[in-house]
Amino acid sequence: MDESHETIYSQLAYVGLGLTYAQAGDAERAEFFFAKMPERLSQITKSDTSTIWKRMSMLFYTGEFYASVGDYETSDSLLQEVISRSSERHVTFYTARAQFQLAKNWFDEGEDLAKAKAMLRDADAFARFNHNDKLLAAIRQLSVQNKS
């Protein structure tokens, strides 16, 4: 048992509970679980493949949650870490999704339009590479919304 809540499985449970409460519309309870994650994710030291994938998943979903509540500083940091770790490990599974959310954040934050559009183009390339049609549709919709 992990009574001290130190293993990666406790952290996965926190993210899962946070997602569940967020989807149920209970932002306060979702925040309770997601608030534990940024610091805990930075303390993961194992570098085996299984742990890396779990960590990237938690980084992405935690970053996505913080974007949904308007905490773009935390979200941007977590999503940029997903992209960086994806690059280091030569994996693309979360890259397109993280780039899309980061571009969306930047549009919402009023960041440099060219920077946001470049990130969106990168997300499009990875989504096409991964045959992620659902994400491609969302990218195209966001692109149309931010033509100016």
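In this predicted model, the largest pocket holds about 270 Å³ of space. Its lining comes to 14 residues, and the ones closest to the centre are E6, T7, I8, Q11 and I44. Two elements, α1 (8–23) and α4 (49–68), each give two or more residues to that lining. Sorted by class, the lining of the largest pocket breaks down into three nonpolar, six polar and five charged residues.

Now for the helix pairs. Besides its share of the pocket lining, α1 packs on helix α2 (residues 27–34), with an angle of about 165° and axes 8 Å apart. Angles over 145 degrees count as roughly antiparallel, so that is what α1 is relative to α2. The crossing of this pair is left-handed. On the α1 side the contact involves Y14, V15, L17, G18, L19, Y21 and A22, and these meet R29, A30, F33 and F34 of α2. By class, the residues of this α1–α2 contact come out as nine nonpolar, one polar and one charged.

Further along the chain, helix α5 (residues 72–89) packs against helix α6 (residues 95–109) at about 150°, their axes 9 Å apart. At that angle α5 is therefore roughly antiparallel to α6. This pair, too, has a left-handed crossing. From α5, the contact takes in Y72, S75, D76, L79, Q80, V82, I83 and S86, while α6 brings T95, A98, Q99, Q101, L102, N105, W106, D108 and E109. The class split for the α5–α6 contact is seven nonpolar, seven polar and three charged residues.

Technical notes
Residues numbered from 1 in each chain as written. Predicted model: local features only at pLDDT ≥ 70, side-chain atom pairs only at ≥ 80, totals over all residues. Heavy atoms only, no water. Axes fitted to C-alpha atoms, helices over the stretch in contact; angles between N-to-C directions. Helix = DSSP H or I, 4+ residues; strand = E, 2+ residues; numbered from the N terminus. Parallel < 35°, antiparallel > 145°, perpendicular 65-115°, else oblique. Left-handed = near helix turned anticlockwise from the far one by under 90°. Contact = heavy atoms within 4.5 Å. Nonpolar A, V, L, I, M, F, W, Y, C, P; charged D, E, K, R; others polar. 1 Å grid on protein atoms, 1.4 Å probe; cavity = no way out; pocket = protein on both sides within 12 Å on 5 of 7 lines; lining within 4 Å. Points joined across faces, edges and corners; volume = space filled by probe spheres on them.
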